[in-house]
Amino acid sequence: MSQLSNIKTVREILSRHGFSFSKKLGQNFIVNPSVCPRIAELGGVGPDTGVLEIGPGVGVLTWELASRAKKVVAIELDQRLLPVLAQTLEEFHNVCVIQGDVLQIDLADLIQREFAGMEVVICANLPYYITSPILMRLLESKLPVRSITVMVQKEAAVRICAQPGSRQAGALSAAVRYYAQPQILFQVSRGSFLPAPEVDSAVIRLDVRQQPAVSPRDEALFFRVIRAGFSQRRKTLPNALSAGLGIDKAQAAAALERAGVPATARAEQLTLEDFCRLTSQIFEELFHKKV
Ligand code: SAM
């Protein structure tokens with residue numbers, strides 16, 4: 001286990017580099033030595049694996065990944081951390097740090113270039129202010145990765161991994177479940193970070209499906225239907241679909257009936273299969289095409 005994740009060492013390294021934390025960039029670094037080895041192990045990192053890390057910070061998780069993986073590529077937005085990482089990871093020849101914004105970089109191209117012939121996983125302690133955009137970008141890009149193991153806010157973990165039918169289910173959990181099989185691995189208390197955030201955290205793993213869970217007639221419409229369904233939770237489903245999709249309430253009600261979904265149902269009670277059938281029927285309503 002690396003001595004890096006010790007709070008004293010992290011403080012010393014940061015003060016040597018005159019580093020001050022940026023709240024705006026979600027900088028809460030792990031200082032609990034037991035957390036990173038667990039992320040690396042449960043993330044399935046082994047001698048043949050290529051690992052993409054997002055936001056290495058001072059390199060505490062990167063150290064654990066690099067000591068197990070074939071290769072690690074870490075994307076860090078904050079330029080000030082590059083000299084820190086050069087020092088903390090100097091013993092490794094299998095780590096490449098790229099300065100940039102994970103939301104801007106072409107990740108499919110990066111994976112093809114950096115990890116040719118390797119099985120690829122993603123591991124990270126995510127910057128919490130952009131958890132959903134990052135996860136959706138990783139999933140929607142249909143990257144050739146086996147799994148995504150990330151630390152997120154505890155409440156976000158519950159929402160992301162919510163089962164259809166549960167109160168926490170939403171557009172995000174439906175989208176995640178379409179692309180992957182999610183699970184919460186373990187919880188991490190706020191005291192495990194420097195500086196300590198105001199919330200506890202959890203590590204989740206998304207096992208990416210080879211094929212999406214269902215085959216909607218029109219994928220873009222499928223996601224519009226999901227977003228519309230969840231957008232106005234206090235409205236009935238016909239009203240929410242009508243408002244969200246710009247169709248008549250009668251059309252929405254007819255589509256629901258033909259899809260076998262009760263008009264009184266709430267979006268969180270619908271399975272992906274329900275949304276898939278509903279999409280076909282709304283497609284028919286919109287374009288008058290038989291399915
Ligand atoms: N992995 C380190 C750890 O666990 O100690 C740091 C995690 S910290 C929660 C999030 C990291 O993501 C920070 O280093 C921050 O600078 C970086 N970051 C923030 N926004 C980013 C972005 N858009 N692209 C890449 N890195 C980003």
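How much area is buried between domain 1 and domain 2, and what percentage of this area do carbon and sulfur atoms give? In this predicted model, the area buried between the two domains comes to about 940 Å², and carbon and sulfur atoms contribute 65% of that figure. The domains themselves are taken from the domain assignment of the protein chain, which places domain 1 at residues 7-208 and domain 2 at residues 219-290. On the domain 1 side, 13 residues take part in the contact, and domain 2 brings 12 residues to it. Between the C-alpha centres of domain 1 and domain 2 there is a distance of 35 Å.

Some residues deserve a closer look here. A171, A174 and Y178 together account for 40% of the area that domain 1 buries against domain 2, more than any other three residues. The interface also has a charged link: the count of salt bridges between domain 1 and domain 2 is 1. K142 and E219 form a salt bridge, with their closest N and O atoms 3.1 Å apart.

The meeting of the domains can also be viewed through the enclosed space in the model. The structure contains 1 cavity of 30 Å³ or more, and the largest cavity encloses about 90 Å³ of space. Its lining is made up of 15 residues, of which P164, A169, S173, A174 and L270 are the closest to the cavity centre. A174 thus appears in two settings, as one of the three residues named for the area buried by domain 1 and as one of those closest to the centre of the largest cavity. Because domain 1 (7-208) and domain 2 (219-290) both give residues to the lining, the largest cavity lies between them.

Two helices stand out in this lining. Helix 8 (171-179) and helix 12 (272-287) each provide at least two of the lining residues, and helix 8 makes the greatest contribution, with 3 residues. By residue class, the lining of the largest cavity consists of 9 nonpolar, 4 polar and 2 charged residues.

Turning from the interface to the whole structure, the search finds 14 salt bridges. Among them is the pair R68 and E41, whose side chains meet with an N to O distance of 3.0 Å. This pair joins distant parts of the chain, 27 residues apart: R68 sits in the loop between helix 3 (60-66) and strand 3 (71-76), while E41 belongs to helix 2 (residues 35-42).

How values were computed:
Residues numbered from 1 in each chain as written. Predicted model: local features only at pLDDT ≥ 70, side-chain atom pairs only at ≥ 80, totals over all residues. Heavy atoms only, no water. 1 Å grid on protein atoms, 1.4 Å probe; cavity = no way out; pocket = protein on both sides within 12 Å on 5 of 7 lines; lining within 4 Å. Points joined across faces, edges and corners; volume = space filled by probe spheres on them. Helix = DSSP H or I, 4+ residues; strand = E, 2+ residues; numbered from the N terminus. Nonpolar A, V, L, I, M, F, W, Y, C, P; charged D, E, K, R; others polar. Domains from an automatic or database assignment. Contact = heavy atoms within 4.5 Å. Buried area = accessible area lost by both parts, 1.4 Å probe. Salt bridge = Lys/Arg side-chain N within 4 Å of Asp/Glu carboxyl O.
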